[in-house]
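Biologist: Could you show me the model you have been looking at? I would like to ask how you arrive at the words you use for it.

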Amino acid sequence: MTPFRSLAFCVFALAISPVFAQEATIRKSLSERLANLPKIDEISKTPMNGLYEVRMGSDIMYSDAEGSFLIQGNLIDVKQRRNLTEERVEKLSAVAFDQLPLKNAFTQVRGNGKRKLVVFADPNCGYCKRFEKDLQKLDNVTIHHLLYPILGEDSKVKSKNIWCAKDKAKSWNDWMLSGTTPVTANCDTAAVDANVEFGKKNRITGTPTLFFADGTRVPGAVPIAQVEKLLADIK
């Protein structure tokens, strides 16, 4: 077989591959029947026979092989006791640590500071205040705080006053832990605006949102024991 004929054969084999054909069938069916469905980025087989993952950004749904049914919910591997949907979404929503806007953060170091944690937080978020109290129990950690005012105009004002304070960490702690309102201050607050833009781009929709050194994203004020475990699991 000549090189050209060999290449043509490979292209033809690829075109009729069952996997690609199935993906095309599902795409066509869903697109025709659901005009408002977001753009499908990827279709892939799941461990469950006849079930396909339909990925739209970081949103996951499931379809049968013909695209006749669409399922929204979690796929659980009961044998291994794993939430496959949750694991997949966590992987998709991860952000490489060096891609986080740490230049727009203020930092607190405790102990040897070897462990790394990034926290997006709104100063008027009740969950953030509760979580901040829990964070005081962590040791040997570097915490990068990114001001993320998404709960209204007052959040923006407080965030910018904290950012402009001579001691940002102290101003933050005084407010979050003791309720002392940040003193009015003026400076270049483009960093706070940049945090909000970064969050919108990366679908950070609530506070607090945590990022770990391996890129893992964890939304919400999770128990400090879970934070400790995630920090310990990073090699």
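Modeller: Let us start with Pro208, which sits in the loop between α7 (190-201) and β10 (209-212). Keep in mind that this is a predicted model.

Biologist: What makes the peptide bond from Thr207 to Pro208 cis?

Modeller: The omega angle tells us: from Thr207 to Pro208, omega is near -5°, and the bond is cis.

Biologist: Which phi value makes Arg81 worth a remark?

Modeller: Arg81 has phi near 55°, which is positive, and the residue is something other than glycine. You will find Arg81 in the loop between β5 (76-77) and β6 (82-83).

Biologist: Why is Arg81 called exposed?

Modeller: The relative accessible area of Arg81 is 78%, and exposed means over 50%, so Arg81 is exposed.

Biologist: And Asn140, why does that one count as partly exposed?

Modeller: Asn140 has 31% relative accessibility. Buried would need a value under 20% and exposed one over 50%, so Asn140 falls in between and is partly exposed. Asn140 also has a positive phi, about 50°, although it is not a glycine. Its place is the loop between α4 (126-135) and β9.

Biologist: That brings us to β9; why do you say that it is largely enclosed?

Modeller: Because 7 of the 7 residues of β9 are buried, the strand is largely enclosed by the rest of the structure. Val141, Ile143, His145 and Leu147 point one way, Thr142, His144 and Leu146 point the other way, and all are buried. That fits a general pattern: in a regular strand the side chains alternate between the two faces of the sheet.

Biologist: How do you know that β9 is paired with β8?

Modeller: Pairing needs at least two bridges, and 7 bridges join β8 to β9, so the two strands pair. They run parallel. Within β9, Leu117 has Ile143 as its bridge partner, and Val119 stands opposite His145. Strand β8 (residues 115-121) is mostly covered too, with 5 of its 7 residues buried.

Biologist: How do you know that β7 pairs with β9 as well?

Modeller: The same kind of test applies: 5 bridges join β7 to β9 (residues 141-147), against a requirement of at least two, so this is a pair. These strands run antiparallel, and Val109 stands opposite Thr142 in β9.

Biologist: Which side chains of β7 are buried?

Modeller: In β7 (residues 106-110), Phe106, Gln108 and Arg110 point to one face and are buried. Thr107 and Val109 point to the other face and are not buried.

Biologist: Let us turn to the open sheet; what makes β1 and β4 its edge strands?

Modeller: β1 (42-45) and β4 (70-71) each pair on one side only. The sheet has 4 strands in the order β1-β2-β3-β4, with antiparallel pairing. Inside that order, 5 bridges join β2 (residues 52-56) to β3 (residues 59-63), and the partner of Met56 in β3 is Asp59.

Biologist: What makes Ala65 a residue that links separate parts of the sequence?

Modeller: Ala65 and Ile26 are 39 residues apart in sequence, yet their C-alpha atoms are 6.6 Å apart in space. Ala65 lies in the loop between β3 and β4. Not counting residues up to four places away, Ala65 touches Gln22, Thr25, Ile26, Gly50 and Tyr52, where touching means heavy atoms within 4.5 Å.

Biologist: Stepping back to the whole chain, why is it called more spread out than a compact globule?

Modeller: The chain has 8 helices and 11 strands. Its radius of gyration is 23 Å, well over the 18 Å that the globule rule gives for 235 residues, so the chain is more spread out than a compact globule. Along the principal axes, the C-alpha atoms fill a box of roughly 75 × 40 × 35 Å.

Biologist: How much of the chain counts as buried?

Modeller: Of the 235 residues, 41% do. The chain exposes about 13,800 Å², with carbon and sulfur atoms supplying 55% of that area.

Biologist: And how far apart are the mean positions of the positive and negative charges?

Modeller: They are 2 Å apart, taken over 33 positive and 27 negative charges.

Notes: Residues are numbered from 1 along each chain as its sequence is written. This is a predicted model: local features need pLDDT of at least 70, side-chain atom pairs count only at pLDDT 80 or more; totals for chains, interfaces and linings use all residues. Side-chain values use heavy atoms; hydrogens and water are left out. The radius of gyration is taken over C-alpha atoms; the globule rule is 2.2 Å times the number of residues to the power 0.38. Buried means under 20% relative accessible area, exposed over 50%, partly exposed in between (1.4 Å probe, protein chains only). Accessible areas come from the Shrake-Rupley method with a 1.4 Å probe; for residues, only the protein chains shown count as cover. Lys and Arg count as positive and Asp and Glu as negative; His and the chain ends are not counted. The place of a charge is taken as NZ of Lys, CZ of Arg, CG of Asp or CD of Glu.
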